[in-house]
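Student: Could we go through this model together, with the reasoning spelled out at each step?

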Amino acid sequence: MKYNTPDFNAILRSEADNFISKVYGMPKLPRQYAQDILRETQNFIQNDILANIKKCFESQVPTVDIDNVLKKFESPFSHVLSDYRLLKYFMEYKDYVSPISYEVGEIDVTVRTRSGPKLQIKKCYAQHVPLCRTLKQFRESPNALDDILSYMEYLKNNTDTVENFIQCERWSKQLEKFSENDIVILLVKYYDDFECNNALGSSCLKLGGVYVSIPCLPVECQSSLDYIFLALLFETRFRCFSDEKIFAPLIDELKFLEKECIFIDLPCGPQSVYFVSCLLLGDNLGVNFVGGFAEGFTANFYCRFCKTPKLIMDGQCVEDKSSLRTVESYNVDCAVNNVTETGVKFDSVLNSLPSFHIVNNYSVDIFHDLAEGTCHYVMLHVLRHCIPNYYTLDFIVSEAHSPEQGTRGGFGRVSVCEKKV
Ligand SMILES: [Zn+2]
């Protein structure tokens, strides 16, 4: 069958519309990803399929066999057309880092049998993604190490503004263990629980995730999900077996990365790099959970930084240095083994890392402490003071709705109360 040009265009347009409607019709696919798929498909057709067909034609002129050439491009995805094939294919390449299951304990489960319900022992597993391999792959990607080193150099020379942990005194102390020529990079671990499936349904599952990131990446990459690496994934209820078992693979790797450098193949030759993990991030509950502190924030000593009783802390505006927790006091509190009196439940498993102790981990929960905490409380007082002394409520409302104000289009998505309360 021969197409004249207008017919061919119409058919192509109709087929493209068909394809687009199928992608957009996938009920579980968010629309922004549908656009990504269309864009990537277009790039694939243009840069890979058509460009290669063109090359084939050029190389086989004048004995060009159209059928033969087109056959080569008939099924570019045949080798990965099922999940099994896809994983098998990528596992053969060293670039793919597959998760590793490890046993964390056993639980009793009731199983229905013909002779009635029976109690059986079921092994419980968690998943671990090897960090050494992930980091090695990442570092070897073009310019990754150069970008990190140049950003670290910028931070080192910028003494006017403190914008990164590696500008702090604590990081300088960590570096004392290494020689001047060593490349030492900060790793940050992050822990939080989350619920998947329907949170109100019976199949709701609470999972704990530990992630690792590199805060010395250029600023524009630091919060990108592409550069936050999953290290552990487990069912939160399995922590009853002990944190030692759950966190064991991660701790072994973090110790290894700090003591034994990993060699990275770069165009200039193999380069040794150390990774030091001396900071744990998370929300207040997550960090208290891993740190062995009281998890209820109504407890008498719930603060992980100090041992000020709750009643005093509620009205405390100035830091009381004498009540700050220290490694020594933490160890004593662990030995006392009374969370009501000390706020400490157990010795954190992360304290076995050479450069980390939970008591020195002065990282705060930005979301709950600032965005939903002090910023909110302070802004109420600021607004009450300023309206109507400096500007009117109408002015604030009009500014909030103005698309030209602020870095994110004014207050944008913030809802504004337009009545005086
Ligand atoms: Zn405190």
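The exchange below takes up the core, one strand residue and some backbone details of this predicted model.

Student: Which residues touch the most other members of the largest nonpolar core?

Tutor: The largest nonpolar core holds 46 residues, and the elements that give two or more residues to this core include β3 (183-196), β5 (228-235) and α9 (243-259). Within the core, the residues that touch the most other members are I185, L187, C216, A231 and L350.

Student: Is I183 buried, exposed or partly exposed?

Tutor: I183 is found in strand β3, and, leaving out residues up to four places away in sequence, I183 touches Q271, V273 and Y274. A residue needs 20 or more other C-beta atoms within 10 Å to be buried, and 12 or fewer make it exposed. Because I183 has 17 other C-beta atoms within 10 Å, I183 is partly exposed.

Student: S242 is not a glycine, so what is its phi, given that most residues other than glycine have a negative phi?

Tutor: S242 lies in the loop between β5 and α9, where S242 counts as partly exposed because 14 C-beta neighbours are inside 10 Å. Although S242 is not a glycine, its phi is positive, at about 130 degrees.

Student: Which residue does a cis peptide bond join to I387?

Tutor: Most peptide bonds are trans. The bond in question has an omega of about 0 degrees, and the residue joined to I387 lies in the loop between α14 (366-386) and α15 (393-401). That residue is P388.

Notes: Residues are numbered from 1 along each chain as its sequence is written. This is a predicted model: local features need pLDDT of at least 70, side-chain atom pairs count only at pLDDT 80 or more; totals for chains, interfaces and linings use all residues. A nonpolar core is a set of buried Ala, Val, Leu, Ile, Met, Phe, Trp, Tyr and Cys residues joined through C-beta atoms within 7 Å. Helices (H or I, at least four residues) and strands (E, at least two) are DSSP runs, numbered from the N terminus. Two residues are in contact if their C-beta atoms, placed from the backbone, lie within 7 Å.
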